[in-house]
2 protein chains.
Amino acid sequence: MLLPLAEARERVLGSLEPLSTERLPLADARGRVLGAEVVAPGDVPSFPNSAMDGYALRAEDTIGAPVVLEVLGTVLAGQAPNVPVTPGGAVRIMTGAPLPAGADAVCMVELTEPAGPDRVRIARAVPPGEHVRWPGDDLRAGQVVLRAGEVLNPASLGVLASIGVREVEVVRRPLVGVWSTGDELSEDPGPLAVGRIRDSNRPALLARLAADDFATLDLGILRDDEAVVARALREAAERCDALVTSGGVSVGDRDVVRLVLDEVSGGEMAWMQVAIKPAKPFGFGRLGSRRIPLFGLPGNPVSSLVSYELFVRPALRRLAGHARVDRPVLAGVTEEPLPRRPDGKVHFLRVTCRIRADGTLGVRSAGGQASHQLHGMAAAQGLAVVPDGTGLPAGAPVSVLLVEADDLPGPGLTESLGVPDLASAGSGGGPRR
Amino acid sequence: MLLPLAEARERVLGSLEPLSTERLPLADARGRVLGAEVVAPGDVPSFPNSAMDGYALRAEDTIGAPVVLEVLGTVLAGQAPNVPVTPGGAVRIMTGAPLPAGADAVCMVELTEPAGPDRVRIARAVPPGEHVRWPGDDLRAGQVVLRAGEVLNPASLGVLASIGVREVEVVRRPLVGVWSTGDELSEDPGPLAVGRIRDSNRPALLARLAADDFATLDLGILRDDEAVVARALREAAERCDALVTSGGVSVGDRDVVRLVLDEVSGGEMAWMQVAIKPAKPFGFGRLGSRRIPLFGLPGNPVSSLVSYELFVRPALRRLAGHARVDRPVLAGVTEEPLPRRPDGKVHFLRVTCRIRADGTLGVRSAGGQASHQLHGMAAAQGLAVVPDGTGLPAGAPVSVLLVEADDLPGPGLTESLGVPDLASAGSGGGPRR
């Protein structure tokens, strides 16, 4: 009996809460989720200032322009103005400099010209408030600047810096332990003995976790000895916020993994057969005094990474306090048939995605779709969601879970603006020879 | 005279080449660009093995199934088979275990049942090759596994691990120095004096660079003293692969920034007025014996981050060897009017992007669009490209430079599958209370 993906996800995600919070300096808080709202202690900007280089003046003095005004002084950014603007006068002002008393507008320098010693000619009438940034224009004192649950992106860190915040309360970032089991795994540098393979799941999962901004702990390969594995996991459960392994989770497995996980979780592991392909077998439980989540992923390399996307990453993002736990699921169009056989499962095909001239996503198979063919996963930017049935013809709409957003082939920015793509016509990618 | 964006980008990107390469252990190579192709030293898998738990057998013995075969032994993953499959016989086999000599197919365990001591009943005829992974099925010996210029994502690191590669030659990651100038910048924790502001550009740029996987060096605030700034930059140029500052680059500025950059670059700075809003002023030059790129960004906080997206990030990605230098530019639809005034410039509006039920991107203004209103940038997931004119009505197609792909609001994966979104119906985001 296969479990629908939505139910399997609910079993995992429904029970998880964000970790506790910690205070961090701004410079360490990038990508974290705010644990408490931040209120502006004062207006930003805190004083009226000029948005342009030019002349601070009284708007009423420019009625009937062109007019000639007396230059009373200069105010630079960072200075307090030392001369007010009196009727018929103007003060030269730089961008960001405080507006002198008496002034209510700025004429940009491009609309002025010198008119003798200490005199400036203003070409056009300037409306009141022109090029003035008023106090609180960006943020008002007492305003909630950022709410609990918001992600601290670079711009929001800039906002916090601008109001003098130096530390923020953020949700802890989960530390994730990853181990492998299986006596077939070889770590020797030399040629492989018959039956032995190299461990690719652990390096791939560790890299995936790091790319997704989780902290990682490499627990290595644990030999197929129940006592050894159990002790290692109990120790790791005291340090880590989640544990991930792959392999040994299938129904027929005589592996120690299921036995050990059942034991260390106190029999709480849910061993599921999920209605998806790849990544049908999946185990989930809680472990240790802090009841950290424990993920048993399938052993095939593609399956383990797909299982990561569907279960582990959303769960870890929930621990990290994120409201959005899934990668973006975008609308794409198949550029070739994506055939499959009906089997009661949703298929997640590894696909290349290219941005087409019209900005839509064109989707093709990234190569071999068997669950041991990791090469196709490496070439893919996304996972196409292909519902049960006989697959999709070319030109069909398809939902794509976008995994590698930065490396989508397609027009560069310049080409998107309707001119030849100078950015990619140059020396191109690849290293210097 | 304003310079079209495409020409300004060509001045920057056209002259840059990828950095030299270095050898790194796999675990440190995530996100790097390969400097040399990698060839598979042997087949992957290296031996025929089973894709299922079940029985290895001779397909011809199953003609006319159900049939009963003699169980000759068991082979586990990691073992060399110690018994061949002879006519009328079968060997119990686990997923990944080597196929014994004589066998040419595997019957999955679900289609078998015990039939007395050492006997198994095979329910259906098994075609030759069924559930067998042949040597070279994923990768063939001598095959180019990854080409120079490819990005090492987690799956490709898994592929390299699977073929026993432990070190790779990759393009160096640029080390980027960031400094601020301006006597108006305060680092004091207390209240601000009139005219003083806090430095938000440097923390925002440092976070942005780190989020984009560049290495950073915080050069701090350099006081407005030409000799001090020049010495600091010359020193930094020996360590860094690129230098970034913001502020003091406008036409009217009396700042030392332009003077110093002109001096240290040997007069090679190009001071541009680009036909974009925000981020019109922009300076670019080369510095030091290695002629590292030097970026002078505008001082307004929004402008500096937009300038980063349009010039600095693409340039640094070129240094890092990436073929795709721009963020994805996707097709979106305006969900409200995005008005603007004609001014001969392309506008990059800060917008929220949500994934709609049909998988398309819905686009709205993220708040105040003035260049000092960083709050809007913090709330934005993208920059909408609005060409010169009076703006866009609601419901219009619009190109969006997607900056924060992971935090797009929209249906979760489960909801995208056509069932209620259990993932976001649970405990939700935000920290534990």
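# Reading two chains in a predicted model

Mentor: Let us start with Pro66(B), which is found in the loop between strand E4 (54-57) and strand E5 (67-75) of chain B. Please keep in mind throughout that this is a predicted model.

Trainee: What is the omega of the peptide bond from Ala65(B) to Pro66(B), and is that bond cis or trans?

Mentor: The omega there is near 5°, and the bond is cis. A second cis bond runs from Val44(B) to Pro45(B), with omega near -5°, and Pro45(B) has its place in the loop between strand E2 (38-39) and strand E3 (49-50) of chain B.

Trainee: What makes the phi of His131(A) worth a remark?

Mentor: His131(A) has a positive phi of about 55° although this residue is not a glycine, and its place is the loop between strand E9 (119-122) and strand E10 (132-133) of chain A.

Trainee: Why is the pair of Arg313(B) and Asp406(A) called a salt bridge?

Mentor: The rule asks for a side-chain nitrogen of Lys or Arg within 4 Å of a carboxyl oxygen of Asp or Glu. The side chains of Arg313(B) and Asp406(A) meet with N and O at 3.2 Å, so the pair satisfies that limit and earns the name. Across the interface of chain A and chain B the rule finds 4 salt bridges, and it finds 56 in the structure over all chains.

Trainee: How do you know that Glu22(A) and Arg32(A) form a salt bridge, and what does the pair tie together?

Mentor: Their closest N and O atoms are 2.8 Å apart, and the cut-off is 4 Å, so the pair counts. Glu22(A) lies in strand E1 (residues 21-25) of chain A, while Arg32(A) lies in the loop between E1 and strand E2 (38-39) of chain A, so the pair ties together parts that are 10 residues apart in sequence.

Trainee: How many residues of chain A and chain B are in contact, and what area do the chains bury between them?

Mentor: On the contact rule, 127 residues of chain A are in contact with 128 residues of chain B. The two chains bury about 10000 Å² between them, with 58% of it on carbon and sulfur atoms. In chain A, the residues that lose the most area to chain B are Arg324(A), His375(A) and Leu413(A), which together make up 7% of what that side buries.

Trainee: How many residue pairs are in polar contact across the interface, and which helix gives the largest share of the side of chain A?

Mentor: There are 28 residue pairs in polar contact across the interface of chain A and chain B, counting pairs with both residues at pLDDT 80 or more. The largest share of the side of chain A that touches chain B is 8 residues, and these come from helix H2 (residues 154-162) of chain A. By class, that side has 61 nonpolar, 34 polar and 32 charged residues.

Trainee: Why are E7 and E8 of chain A said to stand at the edges of their sheet?

Mentor: The open sheet has 6 strands in the order E7-E4-E6-E5-E9-E8 (chain A), with mixed pairing. Strand E7 (105-108) and strand E8 (112-114) of chain A each have a single partner strand, so one side of each is left without a neighbour in the sheet. The twist averages 40° from one strand to the next.

Trainee: How do you know that strand E4 and strand E6 of chain A pair, and in which sense do they run?

Mentor: Pairing asks for at least two bridges, and 4 bridges join strand E4 (residues 54-57) of chain A to strand E6 (residues 89-93) of chain A, so the condition is met. These strands run antiparallel, and Ala56(A) stands opposite Val91(A) in E6(A).

Trainee: Which strands of chain A pair with E25(A), and in which sense?

Mentor: Strand E22 (residues 329-334) of chain A pairs with strand E25 (residues 361-365) of chain A in the parallel sense over 3 bridges, and there the bridge partner of Val333(A) is Gly362(A). Strand E24 (residues 346-355) of chain A is joined to E25(A) by 5 bridges and runs antiparallel to that strand, with Val351(A) opposite Ser365(A). Each count meets the limit of at least two bridges, so both are pairings. In the hairpin of E24(A) and E25(A), which has 5 residues between the strands, Gly359(A) takes a positive phi near 85°.

Technical notes: Residues are numbered from 1 along each chain as its sequence is written. Chains are lettered from A and ligands numbered from 1 in the order in which they are written. This is a predicted model: local features need pLDDT of at least 70, side-chain atom pairs count only at pLDDT 80 or more; totals for chains, interfaces and linings use all residues. Side-chain values use heavy atoms; hydrogens and water are left out. Contact means heavy atoms within 4.5 Å. Buried area is the accessible area (1.4 Å probe) that two parts lose on being put together, summed over both. A polar contact is a pair of N or O atoms within 3.5 Å; within protein, one must be able to donate a hydrogen and the other to accept it, and residues adjacent in sequence count only if both atoms are side-chain atoms. Ala, Val, Leu, Ile, Met, Phe, Trp, Tyr, Cys and Pro count as nonpolar, Asp, Glu, Lys and Arg as charged, and the others, Gly among them, as polar. Axes are lines fitted to C-alpha atoms, for helices over the stretch in contact, and angles run from 0 to 180 degrees between N-to-C directions.
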